[in-house]
Amino acid sequence: MSSLNGVVDTGAEHIRRWLGVLRDDLLTARVDPMPPSMWLRWLPHGVVWIVAVVLTIVGAVQLNDQGGLDLGYSMLLGVGQGCAAVLALRRPVPALWLSLGATLAVAVLTRRMLMAGQIDGFAWPWTAWAVVAHLLVLLLVALRVPTRVSVEALFLTGLFTYALQGLWGAWNYAPTGQVTVALSAVVVVLGIALRGRREARAELEQQTTLTAEERARRTLLEERSRIARELHDVVAHHMSVISIQAQVAPHLVRNPPDELRENLAGIRQNAVEALTELRRVLDVLRSEHPAPGERAHAPQPTLGRLEALVENTRAAGLTVTTEVTGARRPLPPGVELSAYRIVQEALSNVLRHAPGATAHVTLAYGPRALRVEVVNTAPTREAPPSAGAGHGLLGMRERAVMLGGTLTAGPWSGRGYRVAARLPVSAPSATDPLPQDGAA
């Protein structure tokens, strides 16, 4: 007996849960507006309004002429069915109930005329215009609400039609229930398919955006890793010099005090430990499978090799001119390395994306910063498809920001292009005024 009670309780709980789902799905007035079309903007909304007006007029005329109803009742019922189609643009579930309610009112009024023999062969319980309006409502419902609610709306339409035509019935009428239910099923399936296609397209666009962002993030991290590997030699050189100077310094002083020896020994020890840690970091940053021809300890280029870079670029078919202004002098190795790489990447971009163009490289030495500028003219022919990732500007910008500088890139002189970087030659202090744009 207890097990039977448990089964009854479980069944009652499932029924309550199912009724709660139906109440939430079908007894709601929430707003589910139709979004504007991507290409046609508000044209579909305008079409729905036009169809609603036509259905209102045609429905009122049909009820008045063929249904034998008064013009006032005919207009009221026609407006109700037309308003259901318009309401479905924002509140699809209430529009469904309005459409069924208007159809029920038409069926009740015309059934009285059929039973009295005042009309004969009238389409019942769905008139032709009511079928079109309800199909439009079901389509808008299926486009906006979850699939479960669309199926519930179809089931409700079938149950409503069966109750009127199958259980209640009338005399001397043309039955339209079977055709209405069949067409409703087709429209709901079509709406569910279109909604699924739209959701799949939106999800694909979102995934494409996330993939592009992830690719850009990965490229940025790879560029930062490359920059760190290149700067390892620069930092290691300075640390090696500090270690050697700390080791030699006691021999340059006659009878150096013990405190000086201890301090210099501590400096050398710290430098050696820093070199060890730098090598460990480099081992982490270095790719597991280096590119062919990549050397682990190749000397990093400086601006002294700029002419060789320009000559190699000219040999590749690009006309390049150079200009140096200001007093040329040795700069911090990190600045020279970054300036070289910026020029190298900018010239590579000209070769890839501007065939037939000419390039001009300018180095402007200032007291506090080095300005690097690479401009090119418009290409003379179409650029072939590039197999690169298209993130060269990310690397150049990272190098400039790393040194506390700036980099701008954009169109120049028509179809040309300009890359300009400002690289401080020393770390700015807190009391230094902010540099003005373009100041070297």
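Exposed here means over 50% relative accessible area, buried means under 20%, and partly exposed is in between. All the views below come from a predicted model.

**View 1. A salt bridge within helix H1, from Glu 13 to Arg 16.** With 52% relative accessible area, Arg 16 clears the 50% cut-off, so it counts as exposed. Its partner Glu 13 comes in at 34% and is therefore partly exposed. The two side chains meet at 2.7 Å, N to O. Both residues sit in H1 (residues 2–26), three residues apart, or about one turn of the helix. Arg 17 joins the party too: Glu 13, Arg 16 and Arg 17 are linked in a network of salt bridges. For context, a search of the whole structure turns up eight salt bridges.

**View 2. Glu 214 and Arg 217 in helix H7.** Here a salt bridge brings the two side chains to 2.6 Å, N to O. Helix H7 covers residues 177–248, and the pair is three residues apart in it, about one turn. What is the relative accessible area of Glu 214? The value is 39%, so Glu 214 is partly exposed. Arg 217 is partly exposed as well, at 44%.

**View 3. Helix H9 with its own salt bridge, Arg 314 to Glu 311.** The closest N and O atoms of this pair are 2.7 Å apart. Three residues, about one turn of the helix, separate Arg 314 from Glu 311 in H9. Arg 314 has 33% relative accessibility and so counts as partly exposed. Glu 311, at 43%, is also partly exposed.

**View 4. Helix H9 packed on helix H10.** H9 (residues 306–315) and H10 (residues 333–353) have axes 11 Å apart and pack at an angle of about 10°. That angle is under 35 degrees, so H9 is roughly parallel to H10. On the H9 side, the contact uses Leu 306, Leu 309 and Thr 313. H10 brings Tyr 340, Val 343, Gln 344, Leu 347 and Leu 351. By type, the contact residues split into six nonpolar, two polar and no charged.

**View 5. Ser 150 in helix H6.** Is this serine buried or exposed? Ser 150 has just 1% relative accessibility, so it counts as buried. Setting aside neighbours within four places in sequence, its contacts are Val 141, Ala 142, Val 145, Val 188 and Ile 192.

**View 6. Asn 172, a non-glycine with positive phi.** The phi of Asn 172 is about 55°. You'll find this residue in the loop between helix H6 (147–168) and strand E2 (173–175). Asn 172 is partly exposed, because its relative accessibility is 45%.

**View 7. The cis peptide bond between Trp 124 and Pro 125.** Omega for this bond is about 5°. Pro 125 belongs to the loop between strand E1 (122–124) and helix H5 (128–144).

**View 8. The hairpin of strands E6 and E7.** E6 (residues 406–412) and E7 (residues 416–424) run antiparallel and are joined by seven bridges. Which residue of E7 is the bridge partner of Thr 406? That would be Arg 422. Three residues lie between the strands of this hairpin, where Ser 413 takes a positive phi near 50°. As a general reminder for looking at strands, side chains in a regular strand alternate between the two faces of the sheet.

Definitions and conventions: Residues numbered from 1 in each chain as written. Predicted model: local features only at pLDDT ≥ 70, side-chain atom pairs only at ≥ 80, totals over all residues. Heavy atoms only, no water. Pairing = 2+ DSSP bridges. Helix = DSSP H or I, 4+ residues; strand = E, 2+ residues; numbered from the N terminus. Buried < 20%, exposed > 50% of the residue type's maximum accessible area, 1.4 Å probe, protein only. Axes fitted to C-alpha atoms, helices over the stretch in contact; angles between N-to-C directions. Parallel < 35°, antiparallel > 145°, perpendicular 65-115°, else oblique. Contact = heavy atoms within 4.5 Å. Nonpolar A, V, L, I, M, F, W, Y, C, P; charged D, E, K, R; others polar. Salt bridge = Lys/Arg side-chain N within 4 Å of Asp/Glu carboxyl O.
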